[in-house]
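This briefing introduces one protein chain to a reader who has not met it before. Please keep the structure in view while reading the points that follow.

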Amino acid sequence: MKLEKIVCWLDKTLELDRFDDVSNNGIQIARSGGSVRKVAFAVDGSLASIQKAVDAGAQLLVVHHGISWGGGIKTITGGAYNVVKAAIDGDLALYAAHLPLDASRKCGNNWEIARELGLRRISKAFNYHGNVIGVIGFDAKGRKIGVCSGGAACFAPEAKELRCDEFITGEADWGETIAAENVGMKMTLRGHYETETYGVKALMREMKRELRVECVFIDR
């Protein structure tokens, strides 16, 4: 399958145009051409992920955390050089989706976590620079649960204002931990990496189902 067709499907499925993101979402590294026979998925566009994707025989790696942020890569040196060189040597394209893969109702981290928890009456919550990326839902006991993956502990006070009984995120720094304690918000930390595997795995399943392309998940 042509890379352009897969990229078009990814852009549409994740609604990239809706998000104002610090990540430069979309294709971040191109490849020489030819068909894409296998697509790899990982949380991070790291050297290890790229090497494993190449070893797995993939021609495209789709990640949550890419390598181009804000003004992009200003110099290709050090770690950036190692990552770019490994991708080019392996003729591996790299596609990144940051906030879109947190927020997607179809295959986003937060909706997937909420579904795994069996939450009902799920709705969107937690606005990050104009992008609503988290969710709120109710568990079997009727408790109101807030969910926002990754490093989103800053939303704990807002979760309290929304009358959540528990707020689930990935990680928190000490100040965020204290802020949650100060407002009496029970906060559960499930790991930054762990909470962000949900989206790429769900996206992988959707791609396999809709595009019938071979896919593989690259774990750390």
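Helices (H or I, at least four residues) and strands (E, at least two) are DSSP runs, numbered from the N terminus. The model is predicted, so local features need pLDDT of at least 70 and side-chain atom pairs count only at pLDDT 80 or more, while totals for chains, interfaces and linings use all residues. Residues are numbered from 1 along each chain as its sequence is written, and side-chain values use heavy atoms, with hydrogens and water left out.

**Helix α1**

- Just after α1, Glu-15 takes a positive phi of about 55°.
- Helix α1 covers residues 3-14, and its end C-alpha atoms are 16 Å apart, which agrees with the 16 Å expected for twelve residues at 1.5 Å a residue; the expected span is 1.5 Å times one less than the number of residues.
- Leu-3, Ile-6, Val-7, Trp-9, Leu-10, Thr-13 and Leu-14 are the buried residues of α1, where buried means under 20% relative accessible area, exposed over 50% and partly exposed in between (1.4 Å probe, protein chains only).
- Seen down the axis of α1, these buried residues fall within an arc of 160°, so they line one face of the helix; the arc is that of the directions from the helix axis to the C-beta atoms.
- Glu-4, Lys-5, Cys-8 and Lys-12 are exposed on the other side of α1.
- The elements against which the buried residues of α1 pack are β1 (26-29), β2 (38-44), β3 (60-65), β4 (93-96), α4 (99-103) and α9 (197-211).

**Helix α2**

- In helix α2 (residues 47-55), the buried residues are Ser-49, Ile-50 and Ala-53.
- Those residues cover an arc of only 95° around the axis, which puts them on the same side of α2.
- Their cover includes β2, β3 and α3.
- Gly-57, just after α2, takes a positive phi of about 85°.

**A buried asparagine**

- Asn-109 is found in helix α5 (residues 109-116) and is buried, with a relative accessible area of 0%.
- Beyond its neighbours within four places in sequence, Asn-109 is in contact (heavy atoms within 4.5 Å) with residues including His-64, Asp-102, Ser-149 and Tyr-198.

**Salt bridges**

- The structure holds twelve salt bridges, each being a side-chain nitrogen of Lys or Arg within 4 Å of a carboxyl oxygen of Asp or Glu.
- One of them joins the side chains of Glu-214 and Lys-38 (3.5 Å, N to O).
- Glu-214 lies in strand β10 (residues 214-217) and Lys-38 in strand β2, so this pair ties together parts that are 176 residues apart in sequence.
- Glu-214 counts as partly exposed at 47% relative accessibility, whereas Lys-38 is buried, with a relative accessible area of 16%.
- Another salt bridge pairs Glu-116 with Arg-190, their closest N and O atoms being 3.1 Å apart.
- This pair links distant parts of the chain, with Glu-116 in helix α5 and Arg-190 in the loop between β9 (187-189) and α8 (192-195), 74 residues apart.
- Arg-190 counts as partly exposed, at 28% relative accessibility.
- Glu-210 forms a salt bridge with Arg-209, the closest N and O atoms lying 3.2 Å apart.
- Lys-106, Glu-206, Arg-209 and Glu-210 are joined into one network by salt bridges that share partners.
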